[in-house]
Amino acid sequence: MQHGEFDIAVVGGGSAGFAAAIKAAELGARVAMAEGGTLGGTCVNVGCIPSKTLIRAAEAQRRRVHHGFQGIPTADGRPNWSTVRSQKDELVAELRQTKYWNVLRAYPSITLFQERATLISGHEFRLASGRTLAAGKIVVTTGASPWAPPIPGLAEAGYLDNASAMALERLPESLIVIGASSVGLELAQMFGRLGVRVTVLEALPRVVPTEDADIGNALADYLRSEGLDVHTDVRVDRVSRGSDGYEVQYHAGSAARTTRAEQLLVATGRRANTAGFGLDTIRVTLGKKGEIAVDEFLQTTNPNVYAAGDVIGDPMFVYVAAYGGALAAENALTGNARRYDLTALPKVTFTDPAVASVGLTEDQARAQGIEALVSKLSLEHVPRALAAHDTRGFIKLVADARTKKIIGAHILAAEAGEMITEPTLAIKLGLTIEDLTSTFHPYLTLSEGIKLAAQAFTKDVGKLSCCAA
């Protein structure tokens, strides 16, 4: 393509942007990348890496007192938040350097412009410095930002989002969290385990509302058992802030209630970053929530512009962004040969116990007219969980009664995220119940629970000896 000095331009330097740039470089293209903010995007800077580091630190704090083993001394004490936060910041800086800056050096055909870019056409963009550059195709990977609902008084009072909550100079005595999906619950439990008194408010009938109902109900009970004050099916009416902190007025059913805390965290979702850089002038259509509308090839309504990652809306996972970025660049450069396919997409919420799921819930299967077989196995039947003295949770598998193929898996367990890959492959490859039960699963592992759950479709696993087929 000869539309200037670059074959392709990538607007945005996060996970999707880097995947797009690397794929384009591998295909021999001359690549321009424009990023006006911090290189690396959400995941490494203010998302996955810092939050999971702090979550593990909070887990270590809790294990000092709650570990379930007799004869092992317990010790309580206030954590040193400043030290914990600094260690998190050091890891973020290290990974930003090694996984982004150093990676760029390995691809001389990628040119980084550390400036904000504005799109002029499907082939041109202008940098903040005034320089205009041309490219054969453009891939937009500008990500998303935290979004807050229009609650009366909220904007005036101010609030924390996930990034500012993890950057607090000191731990608050108390915290209100509005929103009980993944981000809200992960941070709520993390702060609770570090000694903060936490109240969670969720508008929908249960926590992690997009997950299987059994998981949401059970997880809420586990969080309450740790001391979190969890309220679901509420309507937040007003937020105000005084010298002593925040006051949130809400309704639980017909009852009006008020809760107060030193800090307020709003974790009610994210919205695509699509405003202010020219999309409206180059015929790129946006969706109802401001996300870029794309087709099955990640091409926008402007045929020369593609988009990938959080900027195209849900699901906003870093591994989906990286997959989409590479695919968008390949399609832009070589023609629309590959379709964007999110079949068998696993999801993980890093609470403790964690939540992991893939495929259909039993309700979703039946809504699609599928006769569903359901197996639900308590972790009390998994030897690894017994040995670890942690039997919280269960494994729930969903199969098609006609074909016996696995079509869904829903796990609540200490390491659910480490267990979900096998069911993901089972769904992707069309494996059956028998395929799972006839596969060797190492003992003692939590992943053995997948086999046991598959056996539970037809057997009472309580009547099986260890490793019995």
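Trainee: How many residues does helix α8 have, and what span does α8 reach from its first C-alpha to its last?

Mentor: Happy to start there: this is a predicted model, where local features need pLDDT of at least 70, side-chain atom pairs count only at pLDDT 80 or more, and totals for chains, interfaces and linings use all residues. Residues are numbered from 1 along each chain as its sequence is written, and side-chain values use heavy atoms, leaving out hydrogens and water. Helices (H or I, at least four residues) and strands (E, at least two) are DSSP runs numbered from the N terminus. The expected span, 1.5 Å times one less than the number of residues, is 18 Å here, and α8 (213–225) comes close to that with 13 residues and 19 Å.

Trainee: Which residues of α8 are buried?

Mentor: Buried means under 20% relative accessible area with a 1.4 Å probe, protein chains only. Those residues pack against elements including α7 (182–193) and β20 (394–400), with contact meaning heavy atoms within 4.5 Å. The buried residues are Ile215, Gly216, Ala218, Leu219, Ala220 and Leu223.

Trainee: Which residue just after α8 takes a positive phi?

Mentor: Let's walk along the helix. At its start, a side-chain oxygen of Asp212 comes within 2.9 Å of the backbone nitrogen of Asp214. Just after α8, a positive phi of about 110° belongs to Gly227.

Trainee: What is the bridge partner of Val139 in β16?

Mentor: Val139 lies in β6 (132–140), where eight of nine residues are buried. Strands pair if DSSP finds at least two bridges between them, and β6 runs parallel to β16 (305–307) over three bridges. The partner of Val139 is Tyr306.

Methods: Buried < 20%, exposed > 50% of the residue type's maximum accessible area, 1.4 Å probe, protein only. Polar contact = N/O pair within 3.5 Å; in protein donor to acceptor, adjacent residues only side chain to side chain.
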